[in-house]
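Visitor: I've got this one open on my screen and would like a tour. Start me off with whatever vocabulary I'll need.

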Amino acid sequence: MGAAQAGPEKPIVFGAPDLQDDEIAEVIDTLKSGWIGTGPKTKRFESEFAEYVAADHAVATNSGTAALHLALNALGVGPGDEVITSPLTFVATANVIEHCGARPVFADVSLFDGNIDPDRIDELITAHTKAILPVHYAGALAPVGRIHERHPELPIVVDAAHAVEGRYADGSSSAANGATCTAYSFYVTKNLVTGEGGMLVTNHEDLAEVARARSLHGLDNDAWSRYSSGGYKEYDMRYPGFKYNMTDLQASLGIHQLKRLESAFDRRVEIWHTYNDAFRSLPGVRIPPVALSEDRHGRHARHLYALWLDWRELGFGRREFMTAMRDRGVGTGWHFKAVHLHSFYRQKYGYESGCFPWSESIAERTVSIPLSSALTDAQVDRIVRTVTDLLTGTRNGKRRRRRLDR
C-alpha cells in the first residue's frame, strides 16, 4: 500500500474568532443556570468592560449598530438634523443616522490612517449639525480630542467597533479624549467576540439611563430587575424603545474574551510585524502609513491589516485577487466600499465618484488579510506565502492573469 496522500489544507477563514475552553464552560454554566436572557452575567460584563475603557457607565446591546443608534436616539437626533461622519466605514455607521430621520454628512479622511479629517469637518458645520460621529478606522484612533477642542458645543458619538484596545498617545482609552459616548461591536470578526453584540459607554449618567431604558422597549425596569427576585414589579413604557439588549449567553463569551484581550492583542502585534516585514517591498503594494508608525500616535488596536494595492501596476483587479486568495484557501475582506457610493446614498443625495477622493482612493485599493490571535505560525506563514506568490513575478498583465486563473 502506498503512502497516504496529504489532504487539502484547511481554509483560513477571514476574521476567525479566538474562542477557548473558558468561554465554552461559561456558556454551559449559563444554560444550566436557567437564565439565558439579560441578567447577572450581562451586568458583570458591562461593569468589567466599563472598567477596561475607564468609563463610568456601560450599556450592553445586541450589536454595535444598536449601540450607535441608541446613542443618537438618546441625544435627540431626529428629522432635520445633520450628523457629520466618515464615508470610509461600514454602512451601519451612516445607516443609524438615517434611522433617526437625520442626514449623514460625509467628511473626507486622512491618507495617513483613514480617519476623518478635522479640517473637513470644520467646513461642514451648519445650524443643523446635531452631532459628530467619527470612526476609529481599522483600529487607528480618530482625532476625537482635536474635534472636541474645535467644536465643544457638539456631542461626539464615536464608532469604536474596530478599537477596543486602542489607546491615545496620553494613554487614555478609545472612549476618551472628549467623546460624549462610544459604541463598540463584538461581532464574530472583531477583536473581542460575543458572536453578535455591542456596548455603549459614557460618563454621562443621564445618557446611560435613557439608552438603557430604550434598549429594552423603553420600559422603566429591565427583565432581570422585574423577575429576578421572584416577585412581580409594576413596569411602565415611557418611550417607544427598541429590542437592543444583550443576553447572558453573549455576555458569557465576552467576560472571558475581555480577560484575554491584552494577550490576544500581543499575538496580533506579532503577526502585524511579520506582515510588515514580508510585504513592505512587494511590487504594487503599499502598506498604510499608520501600519508602520510603531504607535507614535497612540496604540493602534490592530483590528484590520490592509494592503493598498496598485491594480494597474499589478495587472489585475481586486475581485481577481480576492478570488485567487479564496481558491488557495485564504479568506480576505474589503474594508470598505465608500459609503457614499452605495446605491441608496447615490440615489438619495446625488453622490458620485470624486466627492471624497481620499476615502475613495483607500477604498479602491484596499484588501484586508486574516489577522486573528487564533492564527498559528504555520497559518501566518501560509498567508504570507500565498500573498507573495500572487503579487510577485512578471509585471505583464496578461501573463499575471493566466497565473491567477490557474
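Guide: Two strands count as paired if DSSP finds at least two bridges between them. The elements themselves are DSSP runs numbered from the N terminus: helices (H or I, at least four residues) and strands (E, at least two). Bear in mind that this is a predicted model, where local features need pLDDT of at least 70 and side-chain atom pairs count only at pLDDT 80 or more, while totals for chains, interfaces and linings use all residues. Residues are numbered from 1 along each chain as its sequence is written, and side-chain values use heavy atoms, with hydrogens and water left out.

Visitor: Okay, which residue of β6 stands opposite Val157?

Guide: Val157 falls within strand β5 (residues 157-159), which runs parallel to β6 and is joined to it by three bridges. Across from Val157 in β6 you'll find Cys181.

Visitor: And which residue of β7 stands opposite Ala183?

Guide: This time the strands, β6 and β7 (residues 198-202), run antiparallel, with five bridges joining them. Facing Ala183 is Leu200.

Visitor: How many of the residues of β6 are buried?

Guide: In a regular strand the side chains alternate between the two faces of the sheet. Here Cys181, Ala183 and Ser185 point one way, Thr182 and Tyr184 the other, and all are buried (under 20% relative accessible area; over 50% is exposed and in between is partly exposed, using a 1.4 Å probe and protein chains only). β6 is therefore largely enclosed by the rest of the structure, and its buried count is five of the five.

Visitor: Over in β4, which residue does Thr85 stand opposite?

Guide: β4 (residues 129-133) is mostly covered, with four of its five residues buried. Strand β2 (residues 82-85) pairs with β4 in the parallel sense over four bridges. In β4, the residue opposite Thr85 is Leu133.

Visitor: Now helix α1: how wide an arc around the axis do its buried residues cover?

Guide: The buried residues in α1 are Glu23, Glu26, Val27 and Thr30. They sit on the same side of α1 because their arc (taken from the directions from the helix axis to the C-beta atoms) is only 100°.

Visitor: Which helices do those residues pack against?

Guide: An α-helix has 3.6 residues a turn, so residues three or four places apart point the same way. The packing partners of the buried residues of α1 are α2 (40-52) and α9 (248-259).

Visitor: Is Asp21 buried or exposed?

Guide: Asp21 belongs to α1, on the other side from the buried residues, as does Lys32. Its C-alpha is 9.6 Å from that of His256, though the two are 235 residues apart in sequence. With 63% relative accessibility, Asp21 is exposed.

Visitor: On to empty space. Which strand gives the most to the lining of the largest cavity?

Guide: On a 1 Å grid over the protein atoms alone, a cavity is a set of points where a 1.4 Å probe fits but cannot get out, a pocket is an open set with protein on both sides within 12 Å along at least five of seven lines, and lining residues have an atom within 4 Å of a point. The largest cavity holds about 130 Å³, and of its 16 lining residues Tyr137, Ala138, Pro288, Leu304 and Ala306 are closest to its centre. Both β9 and β10 supply at least two lining residues, but the top contributor, with three residues, is β9.

Visitor: How much space lies in the largest pocket?

Guide: Its lining runs to 45 residues, with Ser185, Tyr187, Thr189, Lys190 and His303 nearest the centre. Two or more lining residues come from each of α3 (64-74), α4 (91-99), β6 (181-185) and α10 (261-279). Volume is the space filled by probe spheres set on the grid points, which are joined across faces, edges and corners. For the largest pocket that comes to about 710 Å³.

Visitor: Last one: what is the relative accessible area of Leu371?

Guide: Leu371 lies in the loop between β10 and α15 (377-391). Setting aside neighbours within four places in sequence, its contacts (heavy atoms within 4.5 Å) include Arg268, Trp272, His303 and Leu304. Leu371 counts as buried because its relative accessible area is 9%.
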